[in-house]
Amino acid sequence: MNFVRSRLSVGSLLGQRVRGMCNKLPEVKTESSSAAPAQEPRPSFRPPGYRPSNMDKKMLVWTGRFKSAEQIPETLSYETIDSARNKIRVKVAYMMMVLTLGACVLMVIMGKKAAGRNESLTAYNLEKKAKWREEIEKEKTQ
């Protein structure tokens, strides 16, 4: 069983389908029945409609899919809502990148100003430890 799985995964990684011993593609039989209506069959795995929540409606408006929340129909396809969520996700990711770069630049500026005032973490730590030593000596003498 593991051998079959490994063969299938290796074949899919290489872009080839493993069909066993046969090289022929399966033939598709078409039934031409004149009594059947000419409708496209609906996929059974898709839900007929998705009722958007309030947050979904806000996302649809923010992404520009609809002008206002009143224009959003009661049911939408899942793909529409999923694409709106993806657009919001990308916008939030870009915003986080910009905020991260802005915070880095701000830290560099603040660090250079502190270096100009001759402040450093080592000096700060040494002063703090000196205060602690003085407090301990005062407690010992009392």
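So, contacts across the sequence first. If we take the contacts in the protein chain between residues at least 6 apart in sequence, 47% of them join residues at least 24 apart. Keep that figure in mind, and keep in mind that what you're looking at is a predicted model.

What is the chain built from? It has four helices and zero strands, and if you read along the sequence you get the pattern α-α-α-α. There are 142 residues in the protein chain, and 10% of them count as buried. The chain exposes about 13600 Å², with carbon and sulfur atoms supplying 58% of that.

Now, how far can we trust it? The mean pLDDT of the protein chain is 80, and 66% of the residues reach 70 or more. Confidence is lowest in α1, at a mean of 54, and highest in α3, at 94. Where pLDDT is low, the predicted coordinates should not be read in detail. I'll leave the details of α1 alone, then, and go on to other parts.

Let's start with the aromatic rings. How many aromatic pairs does the structure hold? Just one. The partners are tyrosine 50 and tyrosine 78, and they sit edge-to-face, 5.9 Å centre to centre with 80° between the planes. Tyrosine 50 is in the loop between α1 (2-13) and α2 (54-62), while tyrosine 78 is in helix α3, residues 78-116, so this pair ties together parts that are 28 residues apart in sequence. As for exposure, tyrosine 50 is partly exposed, at a relative accessible area of 28%, and tyrosine 78 is partly exposed too, at 38%.

Stay in that area for a moment and look at serine 77. Serine 77 is in the loop between α2 and α3, and it's partly exposed, with a relative accessible area of 33%. Which residue is listed at 5.2 Å from serine 77, C-alpha to C-alpha? That's glycine 49, and these two are 28 residues apart in sequence. The side chain of serine 77 also makes a polar contact of 2.8 Å with the side chain of threonine 80.

That brings us to threonine 80 itself, which is in helix α3. Threonine 80 is buried, with a relative accessible area of 12%. Leaving aside neighbours within four places in sequence, threonine 80 is in contact with Leu60 and Arg65. And tyrosine 50 comes back here: threonine 80 and tyrosine 50 are 30 residues apart in sequence, with their C-alpha atoms 9.5 Å apart in space.

Next, helix α2, where we find aspartate 56. Buried or exposed, then, for aspartate 56? Buried, with a relative accessible area of 4%. Once you set aside neighbours within four places in sequence, aspartate 56 is in contact with Tyr50, Ile81 and Arg85. So Tyr50 turns up again, among the contacts of a buried aspartate.

A little further along is threonine 63, in the loop between α2 and α3. Threonine 63 counts as buried, at 16% relative accessibility. The side chain of threonine 63 reaches the backbone oxygen of leucine 60 at 3.2 Å. What else does threonine 63 touch, not counting residues up to four places away in sequence? The list is Ala84, Lys87, Ile88 and Lys91.

Now for something that comes from a record. UniProt, in an unreviewed entry, lists residues 92-111 under "transmembrane region". In this model, the chain over residues 92-111 is 100% helix and 0% strand, and the C-alpha atoms at the two ends are 28 Å apart.

One last stop, the loop between α3 and α4 (121-141), which holds asparagine 118. Most residues other than glycine have a negative phi. Asparagine 118, though, has a positive phi, near 60°. At 69% relative accessibility, asparagine 118 counts as exposed.

To pull it together: we have a chain of four helices and zero strands, with confidence highest in α3. Around tyrosine 50, we've seen the edge-to-face pair with tyrosine 78 and the contact with aspartate 56. Then there's threonine 63, touching residues including Ala84 and Lys91, and asparagine 118 with its positive phi. Those are the spots I'd look up first when you open the model.

Conventions. Residues numbered from 1 in each chain as written. Heavy atoms only, no water. Buried < 20%, exposed > 50% of the residue type's maximum accessible area, 1.4 Å probe, protein only. Contact = heavy atoms within 4.5 Å. Areas by Shrake-Rupley, 256 points an atom, 1.4 Å probe, with all protein chains shown as cover. Phe/Tyr/Trp six-rings, centres within 6.5 Å; stacked < 30°, edge-to-face > 60°. pLDDT = per-residue confidence, 0-100. Polar contact = N/O pair within 3.5 Å; in protein donor to acceptor, adjacent residues only side chain to side chain. UniProt positions renumbered as here; feature names shortened; annotations may be inferred.
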